[in-house]
Amino acid sequence: MDHFSLIDGAMHAEGVPLELIAATVGTPVYVYSRATLTRHARVFREGLAGVERAHFAYAIKANPNLAVLRVLADAGYGADVVSGGELARALAAGMRAEDVVFSGVGKTRAELQRALDAGIGQFNLELEEEGIALSGLAMAAGTRANATLRVNPDVDAGTHAKISTGKRENKFGVPIDQAIAIYGRLAVLPGLAMRGIAIHIGSQLFDLAPLEAAYRRIGELVAALRAAGHVIERVDLGGGLGVPYKEGDNPPSPADYGAMVARVTKGWNVMLMFEPGRVIAGNAGVLLTRVIWVKPGVVHPYVIVDAAMNDLARPALYDAWHDFAAVRPTGKRMVANIAGPVCESGDTFAMARDIDAVVEGDLAVFRTAGAYGATMASTYNSRALVPEVMVDGDKYAVVADRIEPETIIAAERLPEWLTA
Ligand SMILES: *Cc1c(COP(=O)(O)O)cnc(C)c1O
């Protein structure tokens, strides 16, 4: 459920007409609903009410806007960060350092140092060498770093190849058959306090079976590590729960997921950690856009909108589907292709789609754009960096400015030897 619906014939975000946001902020623009974010955070937490102890770390990469992070911090969420930049955002948004988990296969020594200095709660180590480096940095700082070892369980999550992370050949985690040996070597390092195991097998998951298979393997690993004398206090189960993008999509609910987790982890006696991203932010945002032209096509007309692949990369990157809806639908329909202005055929949001009929100047939205939307935006084709707005009831605020090309050009330099 989200809070983008028709009131008196025009789409609103909560109580705010999208026409008002378009008129004052311009298009394209991302619009987020605070109530939807809060609701998703609550529903996810409630879904896991059946587990003993749980910690929730929102995966910032899904939507790192500071206002979004603040809403989730207020909902009791910490953060899963994958870069020094995301760490800075979590702290800037008021999240507590001890509620931050640092994931990622390529943390630099400088990033590890910054996270140590900040006093974050947990490092999810992706390889033995990283643990050795972190131990050295922690010793030099006179401290010990809480860490888990990320394990690659070798399961096929059944999602798009580019967002699959738990197969043997993927770059993430250590192979599960080497985990006991590596864990043993890390556990004796003086700068590390090894707390347990982490896992994350992929994103936009529609099937609980691979998750369950992976979690069962982790359960066996926890037992084996304990048998080897290790104290296992935490298991980080990652994120990945899918969201519906189109009619008929039927991903497992947080309650379905929670029931599976409670069943599989029964008796583990650990703090379970969760890193949801998409399921929190996905349906909490739309990309609001204006139709520039309706161009006659050979087979179907092209609806050319002012949003493009640089604003919303998912269709070009993953062939992803985003529902398209008119802000003031007339009830008429049309079959059309939807494309942006960027000079690539890849800048196409949909082909031969049955949509609300639109004409030049109309406003429309791409739905379910709250996750992996604005955060992936670029300025390709020297377009502006897309702005973001958050709505709360009948209030709204710009929570990220549109960065105009002039600002980006101002950060570029001509070397002396080109101007002499
Ligand atoms: C991307 C990512 C997540 C979040 O995935 P979602 O599919 O958005 O829930 C969680 N943990 C890690 C380590 C990730 O890389």
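**A two-domain chain and its contacts**

Arg 42 and Glu 46 sit four residues apart in helix α2 (residues 34-47), which means that about one helical turn separates them. Their side chains meet in a salt bridge, with 3.6 Å from N to O. Side chains of opposite charge can pair when their charged atoms come close. Keep in mind as you look around that this is a predicted model. A search of the whole structure turns up 19 salt bridges, and the pair in α2 is a friendly place to begin.

**How the chain is divided**

- Domain 1 is made of two stretches, 4-32 and 282-410, while domain 2 covers 34-279.
- The centres of domain 1 and domain 2, taken over C-alpha atoms, are 32 Å apart.
- UniProt, in an unreviewed entry, places the feature "domain: Orn/DAP/Arg decarboxylase 2 N-terminal" at residues 36-281.
- Within residues 36-281, helix makes up 39% and strand 17%.
- The end C-alpha atoms of residues 36-281 lie 8 Å from each other.

**Where the two domains meet**

- How many residues of each domain are in contact with the other? There are 23 from domain 1 and 23 from domain 2.
- About 2100 Å² of area is buried between domain 1 and domain 2, and carbon and sulfur atoms give 56% of it.
- The count of salt bridges between domain 1 and domain 2 is one.
- In a salt bridge, the side chains of Arg 34 and Asp 392 meet at 3.0 Å, N to O.
- Ten residue pairs are found in polar contact across the interface of domain 1 and domain 2.
- On the side of domain 1 that touches domain 2, the elements giving two or more residues are α11 (314-318), β20 (388-392) and β21 (395-400).
- Strand β20 supplies the largest share of that side, with four residues.
- By residue type, the side of domain 1 that touches domain 2 has eleven nonpolar, seven polar and five charged residues.

**Backbone details to look for**

- Is the peptide bond from Thr 27 to Pro 28 cis or trans? The bond is cis, with omega near -5°.
- You can find Pro 28 in the loop between α1 (18-25) and β4 (29-33).
- Glu 14 has a phi near 50°, which is a positive value in a residue other than glycine.
- Look for Glu 14 in the loop between β2 (10-13) and β3 (16-17).

Definitions and conventions:
Residues numbered from 1 in each chain as written. Predicted model: local features only at pLDDT ≥ 70, side-chain atom pairs only at ≥ 80, totals over all residues. Heavy atoms only, no water. Domains from an automatic or database assignment. Contact = heavy atoms within 4.5 Å. Buried area = accessible area lost by both parts, 1.4 Å probe. Salt bridge = Lys/Arg side-chain N within 4 Å of Asp/Glu carboxyl O. Polar contact = N/O pair within 3.5 Å; in protein donor to acceptor, adjacent residues only side chain to side chain. Nonpolar A, V, L, I, M, F, W, Y, C, P; charged D, E, K, R; others polar. UniProt positions renumbered as here; feature names shortened; annotations may be inferred.
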